[in-house]
Structures are given as C-alpha cells and as structure tokens.
Amino acid sequence: MGVDQAAAFLDQALELTARSPHTPTFVEADVHELPANLYEAFDVALITIGVLNWMPDIKAFFAHAAKTLRPGGTMVIYETHPFLEMLDPESTDPWRVASSYFQAGPVVEDKVIVYEGQGEANGVTSYWHPHGLGEIITGAIRAGLRISHFSEYPHSNREELYDIYEQGYWDVPMCYILTAIKM
Ligand SMILES: C[S@@+](CC[C@H](N)C(=O)[O-])C[C@H]1O[C@@H](n2cnc3c(N)ncnc32)[C@H](O)[C@@H]1O
C-alpha cells in the first residue's frame, strides 16, 4: 500500500507496478487526513526521500503517519540530511555555508523541481520546510515512537546537483536512516 496526495505521482506508481511482479495498492490522500481504514493497519511504514521537507509541522506529520502502524510496528525513514540545507550546490563556491542550520522555513521557490538535469520553465510555487535532526527525532518521540536506529551516510539521495558533495575534500552527511518502533 502506498499513499500520496498527488494523482500524477500515483499514476507513475501504477506504471512502475505494471512492470513489477508485485501488486501493491495505492491511496490518494493527504497524510494529515488519512482514511480511518489505514489506522493501525501496518507492521512497517516506509518514508522515503524528499517527504519530510514538504511538511510544515513535523510533529503533526509524525502524529498522523504513526497512526498507520500497529503497536510494535516500525517506521523506517530514508531521507535527505538537514545538513545539506546549509549548502547551495549552484553557488560559485558550493562548499561555503550559505544558510543557517536553524533557518526558519519555509523556503519559497517558483522554479520547476527537477531531479536530473536542469529545469527551464517556472513552475507552481513550492514551500520547502527545513527541519533539523533535533526536530525530526523529537517529532518521532512525541508521536509515541521509540528510536531504534539512526545512521548517517556520505552518499547523495538528492537531486543530481548535490552529487558534487560526494567528490569534495570532506565527507559531509548527505542522508540518513532512522527507524522507530510504535509503543
Ligand atoms: C519528492 S516526492 C517523494 C518521492 C518518493 N519518496 C520517491 O523516492 O520516489 C514527495 C512526495 O510527497 C507528496 N506529498 C507532499 N505533501 C504530502 C501530503 N501532505 N500528503 C501526502 N503526500 C504528500 C508529494 O505529492 C510528492 O509525491
């Protein structure tokens, strides 16, 4: 079962499903208004790349996402690292710190978001909400989750632009895996 609020994203999921031996189902829903039949329905909830920064209130996000787990179920998060919010890969000096780690969001953009190559046209306005690791971990704990694993990695799981930080002088934290168990 996969959940996303965007019909176009779910269409793409169905295209991929057609090429896979698995038969997942998909639900179009805002995570803040999940259908009640998803409550306590799963042993594992997986949140992958590029989700948490679209959430204006990280505590509210965790409270809603945690509802999908049965007691003892595990939330697994594989996300981009908040450290990268301080760097600008398009800057003339991409290794220079460009923003505060503790910046108050949202970062408002009207550029098309692209994951490979460059975007050319203007798109709809988007609101990116930086959240530090402390906020993320506290959000999970407040939602009744017990952190069971946390590890950081120096490889990129972001847009291609960020690949430059894999080949620099220093290893920087680029992504992380966090697992947490519903009490
Ligand atoms: C960067 S994409 C995630 C891509 C996916 N994790 C992957 O790796 O392919 C972010 C997704 O979050 C979805 N999204 C953002 N806010 C949401 C919300 N409030 N409820 C449900 N889905 C949301 C967007 O529609 C978008 O498909």
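The lining of the largest cavity mixes residue classes: 4 are nonpolar, 4 polar and 1 charged. This picture comes from a predicted model. The residues behind those counts are Leu-52, Asn-53, Glu-79, Thr-80, His-81, Pro-82, His-131, Ile-136 and Tyr-176. Glu-79 is the charged one, because Asp, Glu, Lys and Arg make up the charged class. Leu-52, Pro-82, Ile-136 and Tyr-176 supply the nonpolar part. Asn-53, Thr-80, His-81 and His-131 supply the polar part.

How many cavities of 30 Å³ or more does a search of the whole structure find? The search finds 1. The volume of the largest cavity is about 50 Å³.

Now turn to the ligand. There are 14 residues around the ligand. Asp-4, Phe-9, Val-31, Thr-48 and Ile-49 come nearest. By class, this shell holds 8 nonpolar, 4 polar and 2 charged residues. Asp-4, one of the nearest residues, belongs to the charged class.

Which atoms meet at the ligand? Start with the side chain of Asp-4. One of its N or O atoms is 2.6 Å from an oxygen atom of the ligand. Thr-48 also uses its side chain: a polar atom there lies 2.7 Å from a nitrogen atom of the ligand. Gln-5 takes part through its backbone, where an N or O atom lies 3.2 Å from a nitrogen atom of the ligand. How much of the ligand's area does the protein bury? Taken alone, the ligand exposes 600 Å², and the protein buries 76% of that.

Key
Residues numbered from 1 in each chain as written. Predicted model: local features only at pLDDT ≥ 70, side-chain atom pairs only at ≥ 80, totals over all residues. Heavy atoms only, no water. 1 Å grid on protein atoms, 1.4 Å probe; cavity = no way out; pocket = protein on both sides within 12 Å on 5 of 7 lines; lining within 4 Å. Points joined across faces, edges and corners; volume = space filled by probe spheres on them. Near = heavy atom within 4 Å. Polar contact = N/O pair within 3.5 Å; in protein donor to acceptor, adjacent residues only side chain to side chain. Areas by Shrake-Rupley, 256 points an atom, 1.4 Å probe, with all protein chains shown as cover.
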